[in-house]
Protein chains: 2
Amino acid sequence: MNAATAPKKPSFKQQQMQFRENAILDSVNRLLSQKGFDLMTMDEVAADVGIAKASLYKHFPSKESLAAASMTRLLDHSLAVVNQVPSHLSSKDKLKLVVRWGITLHIQGEMPYLPSTRSSIQQALLGHPPYIERLQDLTTQLGEWILDAQEKGQLSAALPAEVILYSIFARACDPMADFLKMGGAFTDSDIIDLLVHTCFDGLTPLRVD
Amino acid sequence: MNAATAPKKPSFKQQQMQFRENAILDSVNRLLSQKGFDLMTMDEVAADVGIAKASLYKHFPSKESLAAASMTRLLDHSLAVVNQVPSHLSSKDKLKLVVRWGITLHIQGEMPYLPSTRSSIQQALLGHPPYIERLQDLTTQLGEWILDAQEKGQLSAALPAEVILYSIFARACDPMADFLKMGGAFTDSDIIDLLVHTCFDGLTPLRVD
DNA sequence: GTCTATAAACCGATAGAC
DNA sequence: GTCTATCGGTTTATAGAC
């Protein structure tokens with residue numbers, strides 16, 4: 001075993017490839033957000049990146065794998081956000097920050113839009129270990145905050161933790177943001193505040209403590 | 001002007017056509033719910049109804065018009081539900097009943113799934129006067145209940161009525177119902193209750209009056 | 001109106017030269 | 001790896017006989 005044969009650095013070629021793949025995923029992310037998986041075409045992605053379609057297939061073997069890679073990077077981003085949440089906040093406020101971040105991404109057109117009930121793309125996600133792994137990590141971290149917030153009476157203990165978790169996920173792709181944006185009566189900042197509020201406090205008047 | 005030339009009754013042929021078109025829209029409704037607009041094909045619709053694809057185009061000129069007709073019939077159904085809500089209920093409880101009905105339809109696989117941000121299908125809806133008319137009727141009726149509930153302190157007066165309206169619409173296609181159903185830990189009835197609850201009361205503990 | 005057959009366009013994926 | 005060119009399959013929509 002010679003130490004010289006061990007990989008020392010990622011080499012220029014590999015770095016270039018990583019950079020190119022990141023640029024591809026940037027385009028995919030935006031196109032997935034704007035048009036959704038079904039209407040996004042590989043020709044569009046290639047044109048948006050500025051390379052030929054055949055070159056695209058040298059980096060990713062299929063359209064589904066592109067979407068899976070995009071979603072995996074999104075989860076990486078989510079985990080980074082979760083890990084940077086100020087530790088002095090209450091668990092409920094931590095969750096609020098995460099919801100706010102997801103809604104912000106959505107309204108900025110950077111939230112991939114994958115149909116929830118679809119075979120080909122969903123199987124691609126389930127068959128993509130990096131995605132599953134990160135999803136479990138994120139679920140674990142959010143789950144801890146949820147249970148803590150429930151124990152401390154910040155979130156309803158009557159609700160199954162699963163419901164709170166899915167509710168948080170669902171808010172990141174809530175069409176209400178699109179409706180309000182189309183209406184044009186509110187700024188993006190207003191819309192974000194309104195969605196975060198209705199997510200946690202619903203539509204009923206707030207209690208006066 | 002001879003009275004005999006005036007249309008007396010819808011004639012057997014017209015009645016048959018109406019019946020056939022209703023059967024078509026039944027299939028479209030279910031397919032739109034299961035697969036969404038993009039993945040629903042005209043071949044599937046024709047096969048499901050039991051007629052040839054060319055016959056389908058004798059009734060509806062395009063795929064978009066099919067979806068528009070399906071959505072229009074859904075709004076008709078919604079208006080019928082709204083008009084049958086018991087008048088002795090409070091405005092908030094009336095709205096709750098409507099939300100419950102929408103979620104029930106969703107979880108039963110009878111809620112057409114149209115992408116909210118799509119040009120071709122959205123323009124088809126906007127260019128379909130019957131749809132627009134019914135949407136305005138529904139908005140007007142729900143808007144009255146919302147304002148009344150806000151005046152009486154049943155719903156938050158701090159929220160724009162628009163936000164409450166869109167929130168109610170959005171709950172009918174909330175992916176949380178699909179997530180919970182996939183998990184398999186809850187019955188359909190449980191899921192409906194949970195979604196209605198989180199829609200109106202959010203995730204925070206209920207106040208004890 | 002209903003059918004069979006087909007046109008016309010689009011899309012995912014690949015071949016092969018460089 | 002990147003390109004041009006193209007294959008193979010699918011989809012919307014229509015033509016034309018009955």
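How much area does chain A expose, and what share of it do carbon and sulfur atoms supply? About 10,800 Å², with carbon and sulfur atoms supplying 55% of it. Okay, that's my opener. Before I go on: what you're looking at is a predicted model, so please hear every number today as a computed one.

Let me stay with chain A for a moment. It has ten helices and zero strands, so reading from the N terminus you just get α-α-α-α-α-α-α-α-α-α, where helices are DSSP runs of at least four residues. The C-alpha trace spans about 65 × 50 × 30 Å along its principal axes. There are 209 residues in the chain, and buried ones make up 45% of them. And if you take the contacts with a separation of 6 or more, 66% of those join residues 24 or more positions apart.

Now, the inside. The largest nonpolar core holds 124 residues, and Leu66(A) and Leu66(B) are the two that touch the most other members. Let's look at the chain A copy. Setting aside anything up to four places away in sequence, Leu66(A) touches Ile24(A), Leu25(A) and Val28(A), then Met42(A) and Val45(A), and finally Leu56(A) and Phe60(A). Worth clicking through those on your own screens.

Right, on to the DNA. We have two strands, C and D, and I'll take them in turn.

How many residues surround strand C? The count is 16, and the closest are Lys53(A), Tyr57(A) and Lys63(A) from one chain, plus Arg20(B) and Ala52(B) from the other. If you ask which atoms of DNA strand C come within 4 Å of the protein, sugar and phosphate account for 56% of them.

Here are some of the individual contacts to phosphate oxygens of strand C. Tyr57(A) places a polar side-chain atom 2.8 Å from one. For Lys63(A), an N or O atom in the side chain is 2.9 Å away from a phosphate oxygen. Met40(A) does it through the backbone, with an N or O atom 3.3 Å from a phosphate oxygen. As for the elements that give two or more residues to this surface, chain A offers helix 3, residues 53-59, while chain B offers helix 1, residues 12-39, and its own helix 3, again 53-59. Which of them gives the most? That's helix 3 of chain B, with four residues. By residue type, the surface near strand C divides into eight nonpolar, four polar and four charged.

Over to strand D. Here 17 residues surround the DNA, and the closest are Ala52(A), Ser55(A), Lys58(A), Lys53(B) and Tyr57(B). Of the strand D atoms within 4 Å of the protein, 54% belong to sugar or phosphate, and the rest are base atoms.

A base contact is the one I'd like you to find: Lys53(B) has a polar side-chain atom 2.9 Å from a base nitrogen of DNA strand D. On the phosphate side, Ser55(A) brings a polar side-chain atom to 2.9 Å from a phosphate oxygen. Met40(B) has a polar backbone atom 3.3 Å from a phosphate oxygen of strand D. The elements giving two or more residues here are helix 1 (12-39) and helix 3 of chain A, together with helix 2 (42-49) and helix 3 of chain B. Helix 3 of chain A has the largest share, at four residues. The breakdown near strand D is eight nonpolar, four polar and five charged.

Two more residues before I stop, both in chain A.

First up, Ser120(A), which sits in helix 6, residues 119-126. Buried or exposed? Neither label fits, because its relative accessible area is 29%, so Ser120(A) counts as partly exposed. Leaving out neighbours within four places, Ser120(A) is in contact with Phe37(A) and Glu64(A). The Glu64(A) partner is 56 residues away in sequence, yet the C-alpha to C-alpha distance is 7.4 Å. Their side chains make a polar contact at 3.5 Å.

And then His106(A), found in helix 5, residues 91-107. Its relative accessible area is 11%, and the cut-off for buried is under 20%, so His106(A) goes down as buried. Beyond four places in sequence, His106(A) touches Met111(A), along with Ala172(A), Cys173(A), Asp174(A), Ala177(A) and Asp178(A).

That's my tour, thanks for listening.

Conventions: Residues are numbered from 1 along each chain as its sequence is written. Chains are lettered from A and ligands numbered from 1 in the order in which they are written. This is a predicted model: local features need pLDDT of at least 70, side-chain atom pairs count only at pLDDT 80 or more; totals for chains, interfaces and linings use all residues. Side-chain values use heavy atoms; hydrogens and water are left out. A nonpolar core is a set of buried Ala, Val, Leu, Ile, Met, Phe, Trp, Tyr and Cys residues joined through side-chain atoms within 4.5 Å. Buried means under 20% relative accessible area, exposed over 50%, partly exposed in between (1.4 Å probe, protein chains only). Contact means heavy atoms within 4.5 Å. A residue is near a molecule or strand if one of its heavy atoms lies within 4 Å of it. A polar contact is a pair of N or O atoms within 3.5 Å; within protein, one must be able to donate a hydrogen and the other to accept it, and residues adjacent in sequence count only if both atoms are side-chain atoms. Ala, Val, Leu, Ile, Met, Phe, Trp, Tyr, Cys and Pro count as nonpolar, Asp, Glu, Lys and Arg as charged, and the others, Gly among them, as polar. Accessible areas come from the Shrake-Rupley method with a 1.4 Å probe; for residues, only the protein chains shown count as cover.
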